[in-house]
Amino acid sequence: MPRDEILVTTKLWNDDQQNVRQAMETSLKKLQLERVDLYLTHWQGVFDQNIIRQLAKKYGKTAAQIVICWNLDSGLVVISKSVTPARIEENFAVLDFRLEKIELSEIAKLDRGNRLGQDPETFN
C-alpha cells in the first residue's frame with residue numbers, strides 16, 4: 001500500500017514534553033518513516049484538580065469522563081486512547097450526563113495559559 005494512502009499517527013508522552021523534536025525523531029526512526037500525519041500530545045495533569053474530583057463524585061463518573069464531557073461540551077474534538085477494554089468503554093460512557101454552565105466555566109478557569117512544551121505557532 002502506498003504511504004500516501006494511509007494516515008499515520010503517533011503521540012508525544014508527558015515525559016517528552018521538553019524534548020518534542022527528539023521524541024518525534026525517535027518515533028520516526030521506530031516507525032521507519034520520514035513523516036507522520038498526526039502528532040498527539042498525551043496530557044492528563046488536569047485530572048488531579050479539585051473541581052474535577054468534585055464533579056466526578058457528584059455525577060458518579062471518573063475524572064477522565066468529566067474532562068471528556070467538558071471537552072465535548074466546549075466543542076472540542078476528543079481522541080481518547082486506551083488498550084484496556086474497561087477504560088475504552090468508560091471513555092465512551094459520557095453521553096448520559098451534561099455539565100452545568102457554571103461547572104463548564106469552573107473547569108475553563110483551570111487554564112493558566114501555560115505550556116509544558118513549545119508553542120505550535122512558533123515551534124520550528
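# Asking how the labels are earned

Me: Ile79 is found in the loop between α3 (63-73) and α4 (85-92). This is a predicted model, but what makes Ile79 exposed?

Reply: Its relative accessible area is 56%. The label needs a value over 50%, so Ile79 earns the name "exposed".

Me: Which residues share a nonpolar surface patch with Ile79?

Reply: Leu38 and Val77 do, and the three of them have about 310 Å² of accessible area together. A patch member has to show over 30% relative accessible area, so Ile79, at 56%, passes that part of the test.

Me: Leu38 sits in β2, opposite Thr9. How do you know that β1 and β2 really pair?

Reply: Count the bridges. Strands β1 (residues 9-12) and β2 (residues 38-41) have four of them, in the parallel sense. Pairing calls for at least two, so these strands qualify. Put helix α1 (residues 20-31) together with β1 and β2, and you have a β-α-β unit of the right-handed kind.

Me: Between α1 and β2 there's a loop that holds Gln32. Why is Gln32 called exposed?

Reply: Because its relative accessibility is 72%, and the cut-off is over 50%.

Me: And what is there to notice about the phi of Gln32?

Reply: It's positive, near 60°, and the residue isn't a glycine. Most residues other than glycine have a negative phi. A positive phi also turns up after α3, near 80°, but there the residue is Gly75.

Me: How do you know that α3 is mostly covered?

Reply: Nine of its 11 residues are buried, among them Ile66, Val67, Ile68 and Trp70. To count as buried, a residue must fall under 20% relative accessible area. Those buried residues pack against α2 (50-59), α4 and α5 (101-108).

Me: Now for Leu110, in the segment after α5. Why is Leu110 called partly exposed and not buried?

Reply: Its relative accessibility is 21%. Buried stops under 20% and exposed starts over 50%, so Leu110 lands in between.

Me: Which residues does Leu110 touch, apart from its neighbours within four places in sequence?

Reply: Val46, Gln49, Ile51 and Ile52. Take Gln49: it is 61 residues away from Leu110 along the chain, yet their C-alpha atoms are 8.2 Å apart.

Me: What makes Arg35 and Asp37 a salt bridge?

Reply: The N to O distance is 2.6 Å, and the limit is within 4 Å, so the pair counts. Both ends are partly exposed, Arg35 at 40% and Asp37 at 33%.

Me: What about Lys58 and Glu100?

Reply: Apply the same 4 Å limit. Their closest N and O atoms are 3.2 Å apart, so that's a salt bridge as well. The pair joins distant parts of the chain, with Lys58 in helix α2 and Glu100 in the loop between α4 and α5, 42 residues apart.

Me: Lys58 has a salt bridge with Glu103 too. Is Glu103 buried or exposed, and how do you know?

Reply: Buried: its relative accessible area is 7%, against a cut-off of under 20%. Lys58, at 48%, is partly exposed. The N to O distance is 2.6 Å. Glu103 belongs to helix α5 and Lys58 to helix α2, so this bridge ties together parts 45 residues apart in sequence.

Me: How many salt bridges does a search of the whole structure find?

Reply: Seven.

Conventions. Residues are numbered from 1 along each chain as its sequence is written. This is a predicted model: local features need pLDDT of at least 70, side-chain atom pairs count only at pLDDT 80 or more; totals for chains, interfaces and linings use all residues. Side-chain values use heavy atoms; hydrogens and water are left out. Patches are made of residues with over 30% relative accessible area and no salt bridge: like charges are joined within 9 Å, nonpolar side chains (Val, Leu, Ile, Met, Phe, Trp, Tyr) within 5 Å. Accessible areas come from the Shrake-Rupley method with a 1.4 Å probe; for residues, only the protein chains shown count as cover. A salt bridge is a side-chain nitrogen of Lys or Arg within 4 Å of a carboxyl oxygen of Asp or Glu. Helices (H or I, at least four residues) and strands (E, at least two) are DSSP runs, numbered from the N terminus. Buried means under 20% relative accessible area, exposed over 50%, partly exposed in between (1.4 Å probe, protein chains only). A crossover is right-handed if, with the strands pointing away from the viewer, the path from the first strand over the helix to the second runs clockwise. Contact means heavy atoms within 4.5 Å.
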